[in-house]
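Here is a short briefing to read alongside the sequence and the 3D view. Have both open, and let's walk through the fold together.

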Amino acid sequence: MRILSGIQPTGEKHLGNYFGAIRRWVNEQAEADCFYPIVDLHAITVAQEPTELRKSTLSLAALLIASGIDPERATLFVQSHVPEHARLAWVLECMTPYGDLRRMPQYREKSQTHAAFGVALLTYPVLQAADILLYQADAVPVGEDQRQHLELARDLAQRFNNRFGETFTVPRGTYPEVGAKVMDLQDPAMRMSTSSESDLGVVRILDPPEHIRKKIRSAVTDSGREVRRSPDKPGITTLIEILAAASGESAEQIQERYTGSGYGPFKADVADAIVELVTPIQRRYAELRNDQAELTRILARGATKAHAVAAQTLQRVHEAIGFVPP
Ligand code: TYM
């Protein structure tokens, strides 16, 4: 079983990234052959400050390892270190209908919020498909927001196989039962996101405990006092979901426990559960992030392993489409 999933080296990673992706990547390592690229080629589809990008790429590697990714088991690497990603993306772009890309949610969102953007914002999901197909991934653990991108990757694999013969494994997206779409604490109609308007709405994995407590205390709720999941209680529903994801309890167990207790004690427990979850990650991160030499070594090893697999697939693709071998 082959797993691939990527993450952008931009902004500080939050509980949505953790529950939707990172934690599941850690769990997959024991069973599957896992590839986890830090996708810097995707990051530059919107403007990045070079010094910042360099720093965030290494600190994201440290955060992933601190969260439990074991570079001895999983292949952790930087996307731009493996040139086959951009090369396969080109081939796939030549087979992707323009209309399919214009309908992608991330494009519609970002093309509205960024004043100027390059064409790569449109072709972004094709590069993502290349990431997945290069490694013949069977499964791609992601959050709900990536569903359409995964559908495109499947379509492209099937279309290529039909036209040129069996070349790619057709991947499937996998989504967690709890935490597939963690919502913003200030605006529970929006997904928790690195580019959120309000810092208070986003709990970052590296937030100090007192910030986490403050964010949970100030999370918007309705004026009632019942701890219950319901469409008319989106704020409380979000907090129940976060507690369920952090503690492993079911939403029903949580609702039962807080019957009649009001929001205060419930919110305090949500904050405690998050702090308990992130404290060991923060401790390991603090030890790792300054060892740039070690991080660089780990990423170089990952790139070598990734390259061996990616080069094989690209060669098959080039043969299938009729390129003359070099
Ligand atoms: P990115 O970097 O935005 O997010 C990384 C992972 O976090 C998940 N996620 C969430 N899950 C639940 N609730 C949320 N609020 C939330 N916010 C983010 C995302 O679904 C993702 O799994 N395009 C991808 C990166 C990528 C990729 C790939 C993923 C590039 N190539 C190949 C899978 C396979 C992205 O921007 O993720």
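The notes below go from strands to cores, then to charged pairs, rings and two loop residues.

This is a predicted model, so please read every value as computed from that model. At its heart we follow strand E2 (residues 33–38), which is largely enclosed by the rest of the structure because five of its six residues are buried. Elsewhere there are 17 salt bridges to explore, along with eight aromatic pairs.

**Strands and their pairing**

- Strand E1 (residues 2–4) runs parallel to E2, and three bridges join the two.
- Within that pairing, Leu4 has Phe35 of E2 as its bridge partner.
- To get from E1 to E2, the chain passes through helix H1 (residues 15–28), making a right-handed β-α-β crossover.
- E2 also pairs with strand E3 (residues 75–78), again in the parallel sense, over four bridges.
- Here Pro37 stands opposite Phe77 of E3.
- As a general reminder, side chains in a regular strand alternate between the two faces of the sheet.

**Nonpolar cores**

- Which residues touch the most other members of the largest nonpolar core? They are Phe19, Leu64, Ile216, Phe266 and Ile274, out of 60 residues in that core.
- Helix H12 (residues 263–288) gives the most to this core, contributing 11 residues.
- Ile216 is worth a click: leaving aside neighbours within four places in sequence, Ile216 is in contact with Leu185, Val203, Leu239, Lys267, Val270, Ala271 and Ile274.
- There is also a second, separate core of 39 residues, with Ala129, Val140, Ala157 and Phe160 among them.
- More broadly, nonpolar side chains tend to be buried together in soluble globular proteins.

**Salt bridges**

- Asp199 and Arg204 meet through their side chains in a salt bridge of 2.4 Å, N to O.
- In this pair Asp199 is partly exposed, with a relative accessible area of 47%, whereas Arg204 has a value of 11% and is therefore buried, given that the limit for buried is under 20%.
- Asp199 and Arg204 also belong to a network of salt bridges that links them with Asp207 and Lys215.
- Another salt bridge joins the side chains of Glu226 and Arg228, at 3.0 Å, N to O.
- Glu226 counts as partly exposed at 46% relative accessibility, and Arg228 is partly exposed at 31%.
- Asp70 and Arg73 form a salt bridge at 3.9 Å, N to O; the cut-off for a salt bridge is 4 Å.
- Asp70 is partly exposed at 27% relative accessibility, and Arg73 is partly exposed at 49%.

**Aromatic rings**

- Are the rings of Trp25 and Tyr36 stacked or edge-to-face? With their centres 4.6 Å apart and their planes at 10°, the pair is stacked, because planes under 30 degrees apart count that way.
- This pair links distant parts of the chain, since Trp25 sits in helix H1 and Tyr36 in strand E2, 11 residues apart.
- Trp25 and Tyr36 are both buried.
- Tyr258 and Phe266 form an edge-to-face pair, with 5.2 Å from centre to centre and 70° between the planes.
- Tyr258 and Phe266 are both buried as well, and Phe266 is one of the residues that touch the most other members of the largest nonpolar core.
- Phe35, Phe77 and Tyr135 are linked by ring pairs into a cluster.
- In that cluster, Phe35 is the residue of E2 that partners Leu4, and Phe77 is the residue of E3 that stands opposite Pro37.

**Two loop residues to look at**

- Where is His14 found? His14 lies in the loop between E1 and H1.
- His14 counts as buried, at 3% relative accessibility.
- Not counting residues up to four places away in sequence, His14 touches Met192, Ser193, Thr194, Val202, Val203, Arg204 and Ile205.
- Ala30 has its place in the loop between H1 and E2.
- Is Ala30 buried or exposed? Ala30 is exposed, because its relative accessible area is 57% and the exposed class begins over 50%.
- Ala30 and Ile44 are 14 residues apart in sequence, and their C-alpha atoms are 32 Å apart in space.

Conventions: Residues numbered from 1 in each chain as written. Predicted model: local features only at pLDDT ≥ 70, side-chain atom pairs only at ≥ 80, totals over all residues. Heavy atoms only, no water. Buried < 20%, exposed > 50% of the residue type's maximum accessible area, 1.4 Å probe, protein only. Pairing = 2+ DSSP bridges. Right-handed = clockwise from strand over helix to strand, strands pointing away. Core = buried A, V, L, I, M, F, W, Y, C linked by side-chain atoms within 4.5 Å. Contact = heavy atoms within 4.5 Å. Phe/Tyr/Trp six-rings, centres within 6.5 Å; stacked < 30°, edge-to-face > 60°.
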